[in-house]
Amino acid sequence: MRIAIDNSTHVLVLTGAGISAESGVPTFRDAGGLWEGHDVTAVASPEGFEADPLLVWRFYSQRRAAMTGIEPNAAHRALVELEHRLGDRFLLATQNVDGLHAAAGSERMVEMHGGLMRSRCTRCDRHPFADTTAYKPNVAPLCGQCRGRGVDALLRPDIVWFGERLPAGVLDRIEAFVSTAGRRLVFLAIGTSGLVHPAAGLVDATRQVGGTSWLVNLERPANASQFDHVVLGPAAHELPGLLV
Ligand code: OAD
């Protein structure tokens, strides 16, 4: 099986945690996943952070530390090759915060849920900045640039938590790509359980413009029937062959 791509095809790719699984990054909802043993609201919501910033920072510091030595895999690299073929007829929307697409070389990309290796201030408007530090368990880091305004403010990971809005411009860019593509759109979802909106709505948007949808996933997720084509298997194994 191959995805038909000609010189008018526009490809919108949506990736989730499954694409990084073979690189050694745990997914969220599979057995042994990141949410197992965690109250999602406690570690991934603004309310959870307000209640216990140390707990939240412990969770994300552990995830930062766990990225040591992790490299992109064949699926990330296949998407870079596809982007080189298609140029501006390609857009990658990722829910992943692990930075592996950028490490592989993807450029036409929107990070829907932020980035694990960035922090931002909870109060001042300084730009989110690169931060790979895995803080000690008893440390919730402070901004350091808020001091002039009294008490220093907490830093937080530059992650979009449950109940928060996506970064400015992210949905606009995806919607503009979908409407420009129209019937020429191929939507390709990879390694995502399709449970989290707005990403989960992209398959509907594709149908509405008359495009074609593909899903590459290890197991059949609950929304699989919404896709025109479903390929079951590990992404690093299945994807390169689908895109030749
Ligand atoms: P999930 O953990 O919900 O789903 C990962 C999907 O990848 C599952 O359907 C697996 O079957 C599949 N999978 C596992 N290994 C795979 C492999 N090697 N190849 C292909 N597929 C594989 O992760 P997401 O869908 O990314 O949000 O979760 C969406 C969002 O919910 C995340 O961005 C995160 C989470 O809570 C926030 O943290 C805000």
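This report walks through a pocket, two cavities, a group of aromatic rings and a cis peptide bond in a predicted model.

## The second largest pocket

Let's start with open space. The second largest pocket holds about 190 Å³. Which residues line this pocket? Going along the chain, they are E111, G114, R118, R120, P128, D158, I159, V160, E164, R165, P167 and V170. Sorted by class, that lining comes out as six charged, five nonpolar and one polar residue.

As for where the wall comes from, two strands, β4 (114–121) and β6 (155–159), put in at least two residues each. The top contributor is β4, with three residues. On the domain level, the lining of this pocket takes at least three residues from domain 1 (10–25 + 71–113 + 165–242) and at least three from domain 2 (26–66 + 118–159).

## Two closed cavities

Now for the enclosed space. How many cavities of 30 Å³ or more are there? The count is two. The largest cavity has a volume of about 40 Å³, and its lining is made up of L14, F187, A189, T192, G194, A199, A200, V203, N223 and F227. No charged residue turns up in that lining: seven of the residues are nonpolar and three are polar.

The second largest cavity comes in at about 30 Å³. Around it sit T94, N96, D98, G99, L100, H101, A102, M109 and E111. This lining does include charge, with two charged residues next to four polar and three nonpolar ones in the tally. Helix α5 (100–104) and strand β3 (109–111) each bring at least two residues to it, and α5 has the largest share, at three. One residue to look at twice is E111, which lines this cavity and also lines the second largest pocket.

## The aromatic cluster

Time for the rings. The model has eight aromatic pairs. Take F28 and W35: their ring centres are 4.9 Å apart and the planes meet at 40 degrees, so this pair counts as tilted. Is W35 buried or exposed? With a relative accessible area of 13%, W35 falls under the 20% cut-off, so it is buried.

F59 and Y60 make another pair, this one edge-to-face, with 4.9 Å from centre to centre and 85 degrees between the planes. Both F59 and Y60 are buried. Stepping back, ring pairs tie F28, W35, F49, F59, Y60, W161 and F162 together into a cluster. One member of that cluster, W161, also has a charged partner: R156 lies over the face of its ring, at 3.9 Å from the ring centre.

## A cis proline

One last stop, on the backbone. Which peptide bond is cis, with omega near 10 degrees? That would be the bond from H197 to P198. P198 sits in the loop that runs between β7 (185–190) and α7 (202–209).

If you have the structure open, the largest cavity is a handy next click from here, with A199 and A200 among its lining residues. F187 and A189 are also in that lining, and so is V203.

Key
Residues are numbered from 1 along each chain as its sequence is written. This is a predicted model: local features need pLDDT of at least 70, side-chain atom pairs count only at pLDDT 80 or more; totals for chains, interfaces and linings use all residues. Side-chain values use heavy atoms; hydrogens and water are left out. On a 1 Å grid over the protein atoms alone, a cavity is a set of points where a 1.4 Å probe fits but cannot get out, and a pocket is an open set with protein on both sides within 12 Å along at least five of seven lines; lining residues have an atom within 4 Å of a point. Grid points are joined across faces, edges and corners, and a volume is the space filled by probe spheres set on the points. Helices (H or I, at least four residues) and strands (E, at least two) are DSSP runs, numbered from the N terminus. Ala, Val, Leu, Ile, Met, Phe, Trp, Tyr, Cys and Pro count as nonpolar, Asp, Glu, Lys and Arg as charged, and the others, Gly among them, as polar. Domain bounds come from an automatic or database domain assignment. Rings of Phe, Tyr and Trp (its six-membered ring) pair if their centres lie within 6.5 Å; planes under 30 degrees apart count as stacked, over 60 as edge-to-face and the rest as tilted. Buried means under 20% relative accessible area, exposed over 50%, partly exposed in between (1.4 Å probe, protein chains only). A charge sits over a ring if NZ of Lys or CZ of Arg is within 6 Å of the ring centre and within 35 degrees of the ring normal.
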